[in-house]
Amino acid sequence: MNLLNTFFNIPILIETFPLLLSGLLVTLEIGVTSIAAGLAGGLFLALVRLYGAGPIPFFAKIYIDIFRSIPLLVLLIVVYYALPFVGIRFSPFVSAVVALTLVSSAYTAEIFRAGIEAIPHGQFEASQALGLSGRHMMIDVILPQAIKIVIPPLTNNCINVLKDTALASVVAMPDLLKQATQAQALSANPTPLIGAALIYVALLWPLVTIVARLEKRFGGEKRP
Amino acid sequence: MSPLIQITNLKKAYGIFTVLHGIDLDIAEGEVVCVIGPSGSGKSTLIRCINRLEAFSSDSSIVVDGVTVGPGKALAKVRAEVGMVFQSFNLFPHLTVLKNVMLAPMRVRGNKPEDAERKARELLSRVGIAEQAEKYPGKLSGGQQQRVAIARALAMEPKVMLFDEPTSSLDPEMVGEVLDVMKRLAGTGVTMIVVTHEMGFARQVADRVIFMDGGRIIEQGTPGEIFDNPKEERTRGFLRAVLNH
Ligand SMILES: Nc1ncnc2c1ncn2[C@@H]1O[C@H](COP(=O)(O)OP(=O)(O)O)[C@@H](O)[C@H]1O
Ligand SMILES: [Mg+2]
């Protein structure tokens, strides 16, 4: 009974729930913005890595390797606490989105590249033989097929980005985790933290099961 | 009249391995040319250079309908005029048969969707698959897929059609339906270059038969000359091998 009162105190949960929900909203704002920007950036990086002129593919590869190596927390702290020393000052929200997007686009680029490379060469040749421009070949023929292949790993990446938004609390962003820790301090009870954990699980569990199902559906299918 | 396709000193190498040793070949408008020869002799490479799916040596020249085939802007023009049919069909699996045929006319020629669709349906009925228009390519037999591929290439109203062993990956019972479409096409005045192992087709349809070996044109002539009276020993050996199996 005591344990329940400590870790799952219903009155405290009810009291702090609006706070947690406002935190969830911030988490979603950071997450969705970073996911969208990461998708666009990742697709761009994948295309210039595969088809860029001269040294561009090399630089794209360097970018991708660096941002897949750097710990997100380190990057976030650099963006928020170090960049002001050179006069670049971002709000907590922008800092979080920038850091998440930089990293997410590096991972997304590799996912898109793998998807494009999985398309049989004959699809490129048939498009070229018909006279399609490089742009139309990509938009009408290659990407629609590649995107089907990359939906499971992209969804996986979305999950990671949504989880990583919790790091934004270290730059004083009032996200779900930050609100929970604050509520915990105010009420002198860890229940809000448990509530936050449950909200994270409720948010991400469906995505996790969707990925598993997608992987089963697309994974077994071998292309010629 | 100058030839529709003018190939001069066509050379192609992969590293130190030379695939084409300076081929000279002119093809007249409306001509149907069949290219035969053993596997690895450079037949595919030759026709793939014509629309520059393969890059070739810079001292070689290919001119199609007055346009020099090379990297850059003019290439788009050449490719729009040159249709190609592949051994492995290469239909777009995520588009319906109809959309496969409509795509290039809309994107390359800028045709309106209604016009592209009308033309696509017309072509699909010409190759005998009008009823399959709404299906996806994966649901069709190999012979049907190859006929869609022919319709797709024809939708661009090309001056030249290139065929790279169009029946080689088909089950035997489907070879005839594709060859029939090609025979009818040959009667319409389209210039055709057909790489094929179907000697019966070559004999019946070709204006000229070219025998290649080792990256060179060894002998060429009318079907009668090549099949009934080959001059070169290598041609005789090849024909003996393919006709007596
Ligand atoms: N991408 C490639 N890299 C290296 N060698 C190749 C490549 N493509 C074709 N070749 C070689 O070029 C030669 C001619 O090939 P190809 O034109 O396909 O012959 P064919 O169509 O007459 O069978 C073959 O010896 C083949 O092995
Ligand atoms: Mg070949």
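# Exercises on a predicted model

In this predicted model, an oxygen atom of ligand 1 has a backbone N or O atom of B:Gly42 at 3.0 Å. The exercises below begin with this ligand and then turn to single residues and to chain A.

## Exercise 1: the surroundings of ligand 1

Find which residues surround ligand 1, where an oxygen atom of the ligand meets polar atoms of B:Gly40 and B:Ser44, and how much of the ligand the protein buries.

*Solution.*

Step 1. Begin with the list of surrounding residues, which consists of B:Tyr14, B:Phe17, B:Val19, B:Pro38, B:Ser39, B:Gly40, B:Ser41, B:Gly42, B:Lys43, B:Ser44 and B:Thr45.

Step 2. Sort this shell by residue character, which gives four nonpolar residues, six polar ones and one charged one.

Step 3. Look next at the polar atoms. A polar backbone atom of B:Gly40 lies 2.7 Å from an oxygen atom of ligand 1, and for B:Ser44 the distance of 2.7 Å runs from an N or O atom of the side chain to an oxygen atom of the ligand.

Step 4. Turn to the surface: ligand 1 exposes 560 Å² when taken alone, and the protein buries 60% of that area.

Step 5. Assign the shell to secondary structure. In chain B, the elements that supply two or more residues are β2 (17-27) and α1 (43-50), and α1(B) has the largest share, with three residues.

## Exercise 2: the cysteines and the absence of disulfides

Explain why B:Cys34 does not form a bond with the closest cysteine sulfur, and state how many disulfides the structure holds over all chains.

*Solution.*

Step 1. Recall the chemistry: a disulfide is a covalent bond that links the sulfur atoms of two cysteines.

Step 2. Apply the distance cut-off, since two cysteine sulfur atoms count as a disulfide when they are within 2.5 Å.

Step 3. Check B:Cys34, whose closest cysteine sulfur belongs to B:Cys49 and is 19 Å away, so the distance is too far for a bond.

Step 4. Check the pair from the other side, where the closest cysteine sulfur to that of B:Cys49 is in B:Cys34, again at 19 Å and too far for a bond.

Step 5. Add the surroundings: B:Cys34 is buried, with a relative accessible area of 0%, and B:Cys49 is also counted as buried, at 0% relative accessibility.

Step 6. Conclude with the total, which is zero disulfides over all chains.

## Exercise 3: B:Glu219 and B:Asp213

Decide whether B:Glu219 is buried or exposed, and work out which residue shares a side-chain polar contact with B:Asp213.

*Solution.*

Step 1. Place B:Glu219 in strand β10 of chain B, which covers residues 216-221.

Step 2. Compare its accessibility with the cut-off: buried means under 20% relative accessible area, and B:Glu219, at 10%, therefore counts as buried.

Step 3. Follow the side chain of B:Glu219, a polar atom of which lies 2.6 Å from the backbone nitrogen of B:Lys231, while the backbone nitrogen of B:Glu232 is 3.0 Å from a polar atom of that side chain.

Step 4. Widen the view to contacts beyond four places in sequence, where the partners of B:Glu219 include B:Val209, B:Phe211, B:Ile226 and B:Thr235.

Step 5. Move to B:Asp213, which is located in strand β9 (residues 208-213) of chain B. Its side chain and that of B:Arg234 are joined by a polar contact of 3.3 Å.

Step 6. Complete the picture of B:Asp213 with the residues it touches more than four places away in sequence, namely B:Pro38, B:Ser41, B:Ile218 and B:Arg234.

## Exercise 4: chain A and one of its residues

Describe how many helices and strands chain A has, and establish where A:Val26 is placed.

*Solution.*

Step 1. Count the elements of chain A, which come to nine helices and zero strands.

Step 2. Note its extent and burial: its C-alpha atoms fill a box of roughly 75 × 45 × 25 Å along the principal axes, and 43% of its 224 residues are buried.

Step 3. Consider the surface of chain A, about 11,400 Å² of accessible area, 72% of which belongs to carbon and sulfur atoms.

Step 4. Examine the contacts in chain A with a separation of 6 or more, 77% of which are between residues 24 or more positions apart.

Step 5. Locate A:Val26 in helix α2 (residues 10-51) of chain A, where its relative accessibility of 15% makes it count as buried.

Step 6. Finish with its partners. Residues within four places in sequence aside, A:Val26 touches A:Met173, A:Pro174 and A:Asp175, and its C-alpha atom is 8.8 Å from that of A:Phe93, 67 residues away along the chain.

Methods. Residues are numbered from 1 along each chain as its sequence is written. Chains are lettered from A and ligands numbered from 1 in the order in which they are written. This is a predicted model: local features need pLDDT of at least 70, side-chain atom pairs count only at pLDDT 80 or more; totals for chains, interfaces and linings use all residues. Side-chain values use heavy atoms; hydrogens and water are left out. A residue is near a molecule or strand if one of its heavy atoms lies within 4 Å of it. A polar contact is a pair of N or O atoms within 3.5 Å; within protein, one must be able to donate a hydrogen and the other to accept it, and residues adjacent in sequence count only if both atoms are side-chain atoms. Accessible areas come from the Shrake-Rupley method with a 1.4 Å probe; for residues, only the protein chains shown count as cover. Helices (H or I, at least four residues) and strands (E, at least two) are DSSP runs, numbered from the N terminus. Ala, Val, Leu, Ile, Met, Phe, Trp, Tyr, Cys and Pro count as nonpolar, Asp, Glu, Lys and Arg as charged, and the others, Gly among them, as polar. Buried means under 20% relative accessible area, exposed over 50%, partly exposed in between (1.4 Å probe, protein chains only). Contact means heavy atoms within 4.5 Å.
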